[in-house]
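Me: Please take a close look at the C-terminal part of this chain. I should like to understand which side chains meet there, and how that part fits into the whole.

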Amino acid sequence: MSYLKVKNWEQFQHFKDRRPPWIKLYKDLLDDYSFHSLPVESRALAPMLWLMASEHDPIGAIKNDIKMISFRLR
């Protein structure tokens, strides 16, 4: 099975030993040129994908399964 890896996952990881895991959303994202260069739809989906990545093992990755991702994001 292949995985999609979240870029800079460690930056967003918070309380990594807790269940359920948490993520941090830094205010630095407001000034992140790369993030704001994404289409609006991608910027809306990014936090949802980060939350999904917090659930899976290996942590910070999502199974490359488009049907599962589509269902979870509805």
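**The C-terminal part in context**

Reply: Of the 74 residues in the protein, 24% are buried (under 20% relative accessible area; exposed is over 50%, partly exposed in between; 1.4 Å probe, protein chains only). This is a predicted model, in which local features need pLDDT of at least 70 and side-chain atom pairs count only at pLDDT 80 or more, while totals for chains, interfaces and linings use all residues. Residues are numbered from 1 along each chain as its sequence is written, and side-chain values use heavy atoms, without hydrogens and water.

The protein contains four helices and four strands (DSSP runs numbered from the N terminus: H or I of at least four residues, E of at least two). Read from the N terminus, their order is β-α-β-β-α-α-β-α. The mean pLDDT (the predictor's confidence in each residue, from 0 to 100) is 83 for the protein, and 84% of the residues reach 70 or more. Confidence is highest in helix α4, with a mean of 93, and lowest in strand β2, residues 13–14, with a mean of 63. The part you ask about therefore includes the element with the highest confidence.

Helix α4 covers residues 66–73, and Arg-72 lies within this helix. The side chain of Arg-72 meets that of Glu-55 in a salt bridge, with 2.8 Å from N to O (Lys or Arg side-chain nitrogen within 4 Å of an Asp or Glu carboxyl oxygen). Glu-55 belongs to helix α3, residues 40–55, and is 17 residues away from Arg-72, so the pair links distant parts of the chain. The structure holds one salt bridge. Are its two partners buried, partly exposed or exposed? Arg-72 counts as partly exposed because its relative accessibility is 33%. Glu-55 has a relative accessible area of 47%, and so Glu-55 is partly exposed as well.

The partner helix, α3, deserves attention too. Its buried residues are Ala-46, Trp-50, Met-52, Ala-53 and Ser-54. At Ala-46, helix α3 bends by about 30° (the angle between axes fitted to the seven residues ending there and the seven starting there). A proline, Pro-47, follows within four residues. Ala-46 is thus both one of the buried residues of α3 and the site of its bend.

The next residue to consider is Arg-74, which is found in the segment after α4. Its charged end sits over the ring of Phe-71, 4.4 Å from the ring centre (NZ of Lys or CZ of Arg within 6 Å of the centre and 35 degrees of the ring normal). Arg-74 counts as exposed because its relative accessibility is 72%. Although Arg-74 is not a glycine, it has a positive phi of about 45°.

To summarise, this part has two arginines to remember: Arg-72 forms the salt bridge with Glu-55, and Arg-74 places its charged end over the ring of Phe-71.
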